[in-house]
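The exercises below are meant to be worked through with the sequence and the model side by side. Each one sets a task and then goes through a solution step by step.

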Amino acid sequence: MRIILVLTDPPLPFGNAASTRWFYVLVRELVRRGFDLTVLAAAARPDDIETCRTLFPESQYDVRYFLPDQRRRLMDRVHSVARPFDYVYSKAMRCELQQQIRRGFDVLHLEHLWSGWLGWDVPERSIVNVHYLFDLDLRQPATRSAVENARRRSWLRAERKLLNRFPHISALTDTLAQRIRQIAPAANVMTTPLGF
């Protein structure tokens, strides 16, 4: 089985628990179990890429790293209103993903809901792993800032759009899974808890 795995961060074993530690375990275990795995990881720092290259040698792992695009133009900011957090994924990463999809795959595994922007065209063969929802985390009253309130509305709208796009969703907790089922009743939602 060929899996393309999209990560928001490099798979570092000592990074933040919500993502990079899980990513480290996930990459190692999928390869250990014999899956044909290609990993595309967004990376904010070149040092993290170098560290990961020692942990995941090319002779054993197909892990590709992508630094963010350097320029943030006005149109990029406007685009991020409709597609929040899409800027994490560089043009080079998007191009590489399209090449990998054309090569053929069985599952596109998207870590974090926002990586769903990359799997938008292949939802039936994708699974999105949801670590958190602003829908649950931003339940406090709105702030006084009109800009912050607009940003929140944008995030909530985008979450709903993404959740309703993908038929296969994994959630970190039962609470997340229950809320996702309410937002996207047609989706097959499973709970996959993490423990370290």
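**Exercise 1. Find the partners of strand 2 and describe how the chain reaches strand 3.**

Begin with a pair of residues in this predicted model: Ile 3 stands opposite Leu 37, which belongs to strand 2. Widening the view from that pair, strand 1 (residues 2-7) is joined to strand 2 by six bridges, and the two strands run parallel.

Next, turn to the other partner, strand 3 (residues 62-66), which runs parallel to strand 2 and is joined to it by five bridges. Within this pairing, Thr 38 has Asp 62 of strand 3 as its bridge partner. To pass from strand 2 to strand 3, the chain goes through helix 2 (residues 46-55), and the resulting β-α-β crossover is right-handed.

Finally, consider how covered strand 2 (residues 36-42) is: six of its seven residues are buried, with buried meaning under 20% relative accessible area.

**Exercise 2. Work out the strand order of the sheet and say which strands stand at its edges.**

Start from strand 1, which also pairs with strand 4 (residues 107-111) in the parallel sense over four bridges. In this pairing Ile 4 stands opposite Leu 108 of strand 4.

Then extend the view to the whole sheet, which is open, has seven strands with parallel pairing, and follows the order 3-2-1-4-5-6-7. Strand 3 and strand 7 (188-191) each have a single partner strand, so they stand at the edges, with one side of each left without a neighbour in the sheet. From one strand to the next, the twist averages 20°.

**Exercise 3. Describe the largest pocket and the residues that line it.**

First take the volume, which is about 250 Å³ for the largest pocket. Its lining is made of 11 residues, of which Ser 80, Val 81, Arg 151, Ser 154 and Trp 155 are the closest to the centre.

Then ask where the lining comes from: helix 3 (74-82) and helix 6 (146-165) each supply at least two residues, and helix 6 gives the most, with five. By character, the lining of this pocket divides into seven nonpolar, two polar and two charged residues.

**Exercise 4. State how many cavities of 30 Å³ or more the structure holds, and name the lining of the largest.**

The structure holds one such cavity, and the volume of the largest cavity is about 30 Å³. Lining the largest cavity are His 112, Leu 113, Trp 114, Val 130, His 131, Tyr 132 and Glu 159. Sorted by character, these lining residues comprise four nonpolar, two polar and one charged.

Note on methods:
Residues numbered from 1 in each chain as written. Predicted model: local features only at pLDDT ≥ 70, side-chain atom pairs only at ≥ 80, totals over all residues. Heavy atoms only, no water. 1 Å grid on protein atoms, 1.4 Å probe; cavity = no way out; pocket = protein on both sides within 12 Å on 5 of 7 lines; lining within 4 Å. Points joined across faces, edges and corners; volume = space filled by probe spheres on them. Nonpolar A, V, L, I, M, F, W, Y, C, P; charged D, E, K, R; others polar. Buried < 20%, exposed > 50% of the residue type's maximum accessible area, 1.4 Å probe, protein only. Pairing = 2+ DSSP bridges. Right-handed = clockwise from strand over helix to strand, strands pointing away. Axes fitted to C-alpha atoms, helices over the stretch in contact; angles between N-to-C directions.
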